[in-house]
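Here's a short set of exercises to work through with the viewer open. Try each task yourself before you read the solution.

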Amino acid sequence: MNDAEVPARLRLTPGSRFDTVVIGGGLTGLVTALLLAESGVEVAVVEGRRVGAGTTGATTGKVSLLQGTRAQQIRRRHSAGVLRDYVAANREAQQWLLRFCAEHGVAVQHAAALTYAQSRAEIGKVRAEFDATQAAGLPTELVDELDVPFPAFGAVRLADQAQLDPMAVLAALAVEVESHAAPIYESTMVRGVRGGLNGDLTVETDHGDLGAGTVIVATGTPILDRGGFFARLTAQRSYLAAFRLDEPMPRDMYLSAGQPTRSLRYAPTPDGDVLLVGGNGHVVGRTRSERKKADELLSWAQTWFPTAELMQEWSAQDYSPVGELPYAGPLLPGQNNILLGTGYAKWGLTNGVAAALALAGRITGKSPNWAGALASWRPDELKALPSAALSNSAVAQRLTTGWLRMATHSAAQIPAEGCGTVQRHGLRPTATSTVDGTTTEVSAVCPHLYGIVRWNDAERSWDCPLHGSRFAADGTLLEGPATEPLAPLSPPQPLVP
């Protein structure tokens, strides 16, 4: 929603060495880099696309300690003490982020956050969230009636939370990182990390190698498979839209307690306030039509706000941990030279900063008291094994059905504009799409763990239903644990009418 531009940045010099190399130019990566640079650590950031091109730039911008129904979900799996530590982590992160914004001129709006019941069936979740947040020390209150045009049957409310433009924050962070002589290398894809005889690490990129004493992976889902975090996370896609209204709009931040998710807040722009609406999330690559999901959200907004005029729509990808708590710590247990932050469950503006505080604290020896609640290898992780098994059984099913479906579909006609199909060309799984008049054939096999990709009809991309890797129509890697594009199979061909 902000036109703030992050200036183009330097290309790396192969063979350079840094104390710490941060992979990922989102909120976690930039805050970690800044904290380390302020402590005298020589650090560099490597970003595969541009700063803000990932999850942070697409978020709705809520900076809240009331997070839908997160508190009750965490309490269901963990002790009351762990929940209090989680809240403490998010509170410290919120305070750090708001302080940074105040010091660097980033606009922030303060508003109450509400988790509301969109049907009578959700009232129990609202009350459970009230109980869990009260036990965790948050000054929440129950509200019976809401002055909103959409269906609402009460809410739990937390006053004086915040909202902001995430791109404005990232732009300010990037400038501050570089002011500490820490370079940010954009359009630089990391392909892997390998160890050396002297204990150093080598970060392999498509523009050359970098040396590092420590590597921090802040890429949404870790691009390194060591530790198996791709199996401990579920990749979720959700949809967002901005509307201009000729009627009053809600001034607080709202999030439904149940499904389908409905998230609302206002956002100031130079031309006046707009309404942001988000929701209708699903596991990446596991819905019949992404376009239908997006259209349902638009229809809901225009039903309850009759004057709503669509300005912009987009989508975002988030990663939910099987054990409900984020991960911030070693990629492998007992090894501190490769660290990661992930699993923020759509609350990255606080959890992402909390992860950065924990990761930087681990390196500088100033680890926060609550860091154990976000540990990447916790003793109580065994409690999450049933969820992990369920999640990975679904992955196995998608892997099998994807290959079986491909085996029964031989080459067919060229897809229509904006469409894509997976076909079998001989024994070769082929993803064929037509976008902007050009038909392209690429391998339908995701290079991560060999799932068969599916066409995303809303974003015109190929999405892997296993662990959320996404690719452009021409096979270019967009995001996910994959580090390679879909292999090209034939030169693009203009669509002949």
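In which loop is Trp370 found? Trp370 sits between helix H8 (348–364) and helix H9 (385–407), where helices (H or I, at least four residues) and strands (E, at least two) are DSSP runs numbered from the N terminus.

A quick word on ground rules. This is a predicted model, in which local features need pLDDT of at least 70 and side-chain atom pairs count only at pLDDT 80 or more, while totals for chains, interfaces and linings use all residues. Residues are numbered from 1 along each chain as its sequence is written, and side-chain values use heavy atoms, with hydrogens and water left out.

**Exercise 1. Work out the surroundings of Trp370.**

Step 1: check its accessibility. Trp370 has 5% relative accessibility, so it counts as buried (under 20% relative accessible area; exposed is over 50%, partly exposed in between; 1.4 Å probe, protein chains only).

Step 2: list contacts (heavy atoms within 4.5 Å), skipping neighbours within four places in sequence. You should get Asp85, Ala88, Ala89, Glu92, Ala354, Leu357 and Ala358.

Step 3: look at Asp85. Its C-alpha atom is 5.0 Å from that of Trp370, although 285 residues separate the two along the chain.

Step 4: find the polar contact. The Trp370 side chain makes one with the side chain of Glu92, at 2.8 Å (a pair of N or O atoms within 3.5 Å; within protein, one must be able to donate a hydrogen and the other to accept it, and residues adjacent in sequence count only if both atoms are side-chain atoms).

**Exercise 2. Find the pairing partners of strand E11 (residues 233–244).**

Step 1: two strands pair if DSSP finds at least two bridges between them. E11 runs antiparallel to strand E15 (residues 309–321), with 12 bridges. E11 also pairs with strand E14 (residues 274–283), again antiparallel, over seven bridges.

Step 2: zoom in on Gln236. Its bridge partner in E15 is Asp318, and in E14 it is Val283.

Step 3: check burial. In E11, 10 of the 12 residues are buried.

**Exercise 3. Describe how helix H4 (residues 80–103) packs on helix H6 (residues 166–179).**

Step 1: fit the axes (lines through C-alpha atoms over the stretch in contact, angles from 0 to 180 degrees between N-to-C directions). The H4 and H6 axes come within 11 Å and cross at roughly 80 degrees. That makes H4 roughly perpendicular to H6 (65 to 115 degrees).

Step 2: name the residues that meet. H4 brings Trp96, Leu97, Phe100 and Cys101, and H6 brings Val169, Ala172, Leu173 and Glu176.

Definitions and conventions. Contact = heavy atoms within 4.5 Å. Parallel < 35°, antiparallel > 145°, perpendicular 65-115°, else oblique.
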